[in-house]
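Biologist: Please open the structure for discussion, and let us examine how its parts pack together.

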Amino acid sequence: MTTADVAISTVVWPGSPPRLLTDDREDLAAYRERGGYRLLADADELLAEVDASGLLGRGGAAFPLAVKLRAVRANGHSGGSVVIANGEEGEPASVKDRWLLRNRPHLILDGLRLAATLVGASLAYVLVADPDSARSIESALSELDMRDVSIEVFAVQPGYVAGEETAAVQAINGGPAKPTDKPPRPFESGVGGRPTLVSNVETLANLAYIHGHGSAVFRSQGTAQSPGTFLATITGAGVPAVLYEIPHGLPFSELLAKHGVSPDRLRGVLMGGYFAGLVNRRALDTTLDHETIRSIGSGLGCGAISLITDECPVAVAAAVAAYFDRENAGQCGSCFNGTAAMAAAAGALRDGVATTDDLDRLRRWSVVLRGRGACGTLDAACNVAATLLDQFPDEVARHLDGTCGDCSCGAYRAERPYEAIGGS
């Protein structure tokens, strides 16, 4: 099926009834007809259901939602707590959050009001960087009479770090949408100094699904450690981007076949967006769940999967490293200088002017710079460098001696590699 509001095709996996994807934009009447905005009879009972569901965050870190909810709840505050539905979606290779915001705004708002009730919040925000998403949520809010929680749409300028949880809090508090040092974390002190839950919009959509169907039904798809379905944005291979809803545990080879890409063409993958770096052809032997992807040193992240086929992996890594260099927040010296240094070394390798000393430095930086920034940007750059060197040694060697046939007529270059749709 397709949705014209976002210029991307959507596909529900055969044999897995859709939970999040719909054919058309859903208004209040349609959402209520599906059972939305049900009365929450017992907050403790729902929290127990969330716990039993094993719902993991869909924003990238895969942190259990129940743990987040309990942490905010336990901190308490005389002024109450705050909830942020995070739909900023700074990852260029992902489109899922924008699709949900534009097409299923009531599903998100339902999850948001449930989360607010669970943590005792009377104030909530929907953080967006996409004007169409903002208009969609505002239109949905105009249809509602939400009395228990006040919900506001908060727009920020798009950027890779703008959706990081402390950046979201700082923006709402009146500062720039840039990460801050931790501690404190938002669940301790967030918006206005109050305990704050920051949760991805797909996560909140699943919370609403669990409220309507229960933890057992939620767990009927997926694996024991990665329950449920997830939204996967597939880009690359010269094929238009597609947004799939698939059950965790699906063999990657089956997804590739459904996408119409021969496994013989696959050279590698950017798995989970840009953050986790590159995976070589062993991706073909994996299943798409957090435990399996983590076991090969990568991550499922936000569900964005970019296929590397005709492009040289060295050139892809250089493009991603350059992206991180441009997108760093410019406030941590280690990140500002570290991303620039790694991007320069990767670029030199792509252009055939790097030396073995350059590669030694790149490998060393990928280890010693980890954990030094206020957010994950520097770690992401480290991941790209480390995975390139470890998983594509033959391609690296060809660039050292100037024999890469793929790049001899012009290397792959992209300002925003494997962007799902144009613009934000």
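Biologist: Which residues in α14 do Ala 341, Met 342, Ala 345 and Leu 349 in α13 meet?
Modeller: This is a predicted model, in which local features need pLDDT of at least 70 and side-chain atom pairs count only at pLDDT 80 or more, while totals for chains, interfaces and linings use all residues. Residues are numbered from 1 along each chain as its sequence is written, and side-chain values use heavy atoms, with hydrogens and water left out. A contact means heavy atoms within 4.5 Å, and helices (H or I, at least four residues) and strands (E, at least two) are DSSP runs numbered from the N terminus. The α13 residues named meet Asp 358, Leu 359, Leu 362, Trp 365 and Ser 366 in α14.

Biologist: At what angle do helix α13 and helix α14 pack?
Modeller: Axes are lines fitted to C-alpha atoms, for helices over the stretch in contact, and angles run from 0 to 180 degrees between N-to-C directions. Helix α13 spans residues 333–350 and helix α14 residues 356–368. Their axes lie 10 Å apart, and the angle is about 145°.

Biologist: Which helix gives the largest share of the largest nonpolar core?
Modeller: A nonpolar core is a set of buried (under 20% relative accessible area, 1.4 Å probe, protein chains only) Ala, Val, Leu, Ile, Met, Phe, Trp, Tyr and Cys residues joined through side-chain atoms within 4.5 Å. The largest has 56 residues, and those with the most contacts inside it include Leu 109, Leu 112 and Leu 207. The largest share, 9 residues, comes from residues 105–119, helix α5.

Biologist: What is the strand order of the open sheet of 4 strands?
Modeller: Two strands pair if DSSP finds at least two bridges between them. The pairing in this sheet is parallel, and 5 bridges join β3 (residues 81–87) to β6. The edge strands, each pairing on one side only, are β5 (150–155) and β6 (196–200). The order is β5-β4-β3-β6.

Biologist: Which residue in β6 stands opposite Val 82?
Modeller: Strands β3 and β6 run parallel. Opposite Val 82 stands Thr 196.

Biologist: What angle does the direction of helix α3 make with that of β6?
Modeller: Helix α3 (residues 65–75) packs on the sheet and touches β3 and β6. Its direction makes with that of β6 an angle of about 160°.

Biologist: What is the mean pLDDT of the chain?
Modeller: pLDDT is the predictor's confidence in each residue, from 0 to 100. It stays under 50 over residues 1–6. Across the chain, 98% of residues reach 70 or more, and the mean is 95.

Key. Buried means under 20% relative accessible area, exposed over 50%, partly exposed in between (1.4 Å probe, protein chains only).
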